[in-house]
Amino acid sequence: MNLFNYTELINDKPIHIATINPNSNPNLSVASDVRVIDKNKIIISVNEMNNTQKNIQYNDSVVITAFNNDWVGLRMFGKAIYYNDGEYYDFCKNTFFSNNEVTPFGATKPKGAIVVTIDKIEDYK
């Protein structure tokens, strides 16, 4: 498995990330400030999310989907860690907000960063 083979589907494209809250209820969020940073890791800038990062602190298992306009894509299973400062936060700030970008909902900097270590990939077509 090498996530660098999937950068066309992942980097700067909308993905869905599913988490579970402490009451065992599912949560689904969308993010587009996403990059492959290692052969088995992706980073997601937390710009607008409110529940995803809380859920990850409770249960680090996540499922992420990425797909193209023809609905060809993949499902990734892994473990996530949330960072609200440090190297990964700085990566998100410097990569996704380096030109004073403003998100559609008004964010001018990330709330944090989610780094997911992918354990399994399923292709779907």
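## Salt bridges and the sheet

Lys120 falls in the partly exposed class, at 43% relative accessibility. Through salt bridges that share partners, Lys120 belongs to one network with Arg75 and Glu122. Keep in mind that this is a predicted model.

**The charged pairs**

Let's start with the contacts behind that network. Side chains of opposite charge can pair when their charged atoms come close. Here the count comes to four salt bridges, including the pairs in this table.

| Salt bridge | Closest N to O distance |
|---|---|
| Arg35 and Asp12 | 3.1 Å |
| Arg75 and Glu122 | 2.5 Å |
| Lys120 and Glu122 | 3.2 Å |

Take Arg75 and Glu122, whose side chains meet with N and O 2.5 Å apart. This pair links distant parts of the chain: Arg75 sits in strand E6 (residues 73-83), Glu122 in strand E7 (residues 112-124), and 47 residues separate them. Are these two side chains buried or exposed? Arg75 is partly exposed, with a relative accessible area of 35%, and Glu122 is partly exposed too, at 24%. Glu122 also meets Lys120 in a salt bridge of 3.2 Å, N to O, which is how Arg75, Lys120 and Glu122 end up joined in one network.

Now for Arg35, which forms a salt bridge with Asp12, the closest N and O atoms being 3.1 Å apart. Where in the chain do Arg35 and Asp12 sit? Arg35 is in strand E3 (residues 34-38), while Asp12 is in the loop between helix H1 (7-10) and strand E1 (15-20). The two are 23 residues apart, so this is another link between distant parts of the chain. On the exposure side, Arg35 has a relative accessible area of 24% and is partly exposed. Asp12 is partly exposed as well, with a value of 40%.

**The sheet**

Which strands make up the sheet, and in what order? Seven strands form an open sheet, running E2-E1-E5-E6-E7-E4-E3, with antiparallel pairing. Strand E2 (26-31) and E3 stand at the edges; each has a single partner strand, so one side of each is left without a neighbour in the sheet. From one strand to the next, the twist averages 30 degrees.

Next, zoom in on E4. On one side, E4 pairs with E3 in the antiparallel sense over four bridges. E3 and E4 form a hairpin, with two residues between them, and Val34 has Ile44 in E4 as its bridge partner. E4 also pairs with E7, again in the antiparallel sense, over six bridges. Among the facing residues there, Lys41 stands opposite Thr117 in E7, and Ile42 stands opposite Val116 in E7.

Why does strand E4 count as largely enclosed? Five of the six residues of E4 (residues 41-46) are buried, so the rest of the structure largely encloses this strand. Buried here means under 20% relative accessible area.

In a regular strand the side chains alternate between the two faces of the sheet.

Definitions and conventions
Residues are numbered from 1 along each chain as its sequence is written. This is a predicted model: local features need pLDDT of at least 70, side-chain atom pairs count only at pLDDT 80 or more; totals for chains, interfaces and linings use all residues. Side-chain values use heavy atoms; hydrogens and water are left out. Buried means under 20% relative accessible area, exposed over 50%, partly exposed in between (1.4 Å probe, protein chains only). Two strands pair if DSSP finds at least two bridges between them. Axes are lines fitted to C-alpha atoms, for helices over the stretch in contact, and angles run from 0 to 180 degrees between N-to-C directions.
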